[in-house]
Amino acid sequence: MPTLRIAYPGWICAFACACGSLLFSPPSIASSDYGLPSLGAASTSVSNEEYRLGRAWLRQFRAQAPQWQDPITNDYLQSLIARLAPHSDINGLRTITVMVDNASLNAFAVPGGVVGINSGLFAFAEDEGAFVSVLAHELGHLSQRHYARGSARAAQTQLPAMAAMLAGMLIAASGGGDAGMAAAMGSQAALIQDQLSYSRLFEQEADNIGLQAMADTGYDPEAMVRMFSAMQRMARLQGDTPPEFLLTHPVTDNRLSAAQARAAQLNVADAYTSDTLYDMMRARALLSIYTNTPQQAASRLAQEGAEQAAQDYLAALIDARNGQTDSALEQLDRLANEHPDFAMLPASSASVALEAGRYDQAIQRSQQLLRFMPNYLPAQLILAEAQLQRDPQAAYDLLRDITSQNLENPQVFNLLAEAAGRSGHDSWGHLARAEYLQLTGRVDRGIRQLSIARDAAERENDQQALARIEQRREDFIEYREALDDFN
């Protein structure tokens with residue numbers, strides 16, 4: 001599956017496929033296992049520098065790209081990656097997800113374990129298997145560390161070139177357009193000049209690793225073939241002006257045939273499908289895309305054959321947006337009774353209650369769900385937001401626990417900062433605000449916020465807070481040094 005393109009002018013953000021051999025290291029599984037020629041040998045362990053640069057890139061990305069803030073959908077995305085990861089040979093790499101508020105078809109993977117999607121990927125992939133095939137392909141790129149593969153240059157040359165390439169992509173993301181892409185492409189050319197012929201092999205390798213991971217996880221690998229076919233149809237329908245990702249990463253007949261042949265050879269583990277659940281997530285994405293014309297989302301979901309439960313789910317969400325809270329909750333409760341394994345349904349009803357200002361009801365509904373799923377983040381966040389209106393100290397205590405388990409989630413630190421401010425924990429509130437700032441690419445402001453936190457901790461004589469602030473100051477300085485690599 002080709003990595004796709006985000007709809008910022010001139011920006012191809014999908015590392016793995018945009019650069020082919022420019023971006024990656026050899027497979028940990030012998031290439032003969034996938035019927036591919038050997039392309040050399042190198043370590044498959046992700047280096048600390050890769051991880052550092054990948055996380056720095058994510059901070060910059062958050063600062064410049066529009067985020068799709070939807071904890072329910074993000075939890076679903078993470079669950080799919082967690083199912084695929086053990087079969088994708090990523091060697092324990094800790095992944096992190098990011099979702100982009102953009103209707104164009106796109107997915108991307110960044111060295112260090114960052115996996116991202118556009119809301120438009122849900123719109124394009126009409127079933128869960130097709131959606132999963134994109135994720136499986138991206139994990140294939142991550143597992144093989146293709147960015148380093150095939151390069152004869154020393155590591156001290158590879159990594160600055162990678163940083164320069166990432167910087168070019170970020171310039172383009174923020175409106176630099178062709179200048180940003182020129183910077184990125186120039187860095188790619190400097191990184192490796194004689195390995196371009198390998199790129200199709202890397203794409204085929206990622207396809208095959210993804211196909212195997214799908215089969216091992218219980219997904220029919222034919223779904224990847226269907227996705228290829230859909231992309232080919234899109235290119236043909238667009239004529240001379242197809243989306244640029246199809247111009248730069250075409251799905252050729254040979255590639256389609258190779259994927260089809262490989263899929264036919266694979267034995268699928270215990271079959272797994274959850275198209276009802278996927279259709280409900282797709283409903284959320286379409287509602288985000290058609291935010292000003294929600295009936296268009298409903299029409300599209302129906303026309304494309306979504307299951308009735310998903311159509312009813314979307315109708316409930318639209319009712320909630322129109323202020324028909326009781327009708328929405330009634331529909332959601334009925335669906336929750338019919339599909340008791342879908343935690344997102346009671347979470348959705350708790351969210352509807354929260355958005356309607358029914359804070360006590362939101363607390364009751366989220367607490368009931370958390371009794372069965374204590375660490376379900378969407379319900380935790382709903383409960384925390386509702387408690388902010390009723391009991392800020394309870395919200396603070398809850399959010400302290402949540403942040404300890406979600407150290408790279410800006411949303412939870414933003415909520416913690418508010419809860420701390422409302423409950424009189426000034427030093428911890430400023431510290432949480434500093435964490436939010438550094439996670440969203442504003443490290444210098446975060447360091448200044450730490451100084452404010454230190455002053456508050458000294459006034460409060462909070463030695464625990466002071467120790468934590470000093471520790472984080474050292475970390476923040478390291479983060480700033482990583483960000484400097486992009487300048």
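This section describes a charged surface patch, a buried tyrosine and two residues with unusual backbone angles in a predicted model.

On the surface, a negative patch is formed by D455, E458, E470, E474, E478, E481 and D484. Two helices, α22 (443-460) and α23 (463-484), each give two or more residues to this patch. The greatest contribution comes from α23, which supplies five residues. One residue of α23 is E470; because its relative accessibility is 35%, E470 counts as partly exposed.

A contrasting environment is found in helix α19 (residues 392-405), where Y396 lies. Y396 counts as buried because its relative accessibility is 4%, and buried residues are those under 20%. Leaving aside residues up to four places away in sequence, Y396 touches L416, A419, A420, S423, H425 and W428. Y396 and R422 are 26 residues apart along the chain, and their C-alpha atoms are separated by 8.7 Å.

Backbone angles were also examined. Most residues other than glycine have a negative phi. D89, which is not a glycine, has a positive phi of about 60°. D89 is found in the loop between α3 (71-84) and β1 (96-100), and with a relative accessibility of 21% this residue counts as partly exposed. A positive phi, near 55°, is also present in N461, likewise a residue other than glycine. N461 is placed in the loop between α22 and α23, the two helices named above for the negative patch. At 57% relative accessibility, N461 counts as exposed, since the cut-off for that class is over 50%.

Notes
Residues are numbered from 1 along each chain as its sequence is written. This is a predicted model: local features need pLDDT of at least 70, side-chain atom pairs count only at pLDDT 80 or more; totals for chains, interfaces and linings use all residues. Side-chain values use heavy atoms; hydrogens and water are left out. Patches are made of residues with over 30% relative accessible area and no salt bridge: like charges are joined within 9 Å, nonpolar side chains (Val, Leu, Ile, Met, Phe, Trp, Tyr) within 5 Å. Accessible areas come from the Shrake-Rupley method with a 1.4 Å probe; for residues, only the protein chains shown count as cover. A salt bridge is a side-chain nitrogen of Lys or Arg within 4 Å of a carboxyl oxygen of Asp or Glu. Lys and Arg count as positive and Asp and Glu as negative; His and the chain ends are not counted. The place of a charge is taken as NZ of Lys, CZ of Arg, CG of Asp or CD of Glu. Helices (H or I, at least four residues) and strands (E, at least two) are DSSP runs, numbered from the N terminus. Buried means under 20% relative accessible area, exposed over 50%, partly exposed in between (1.4 Å probe, protein chains only). Contact means heavy atoms within 4.5 Å.
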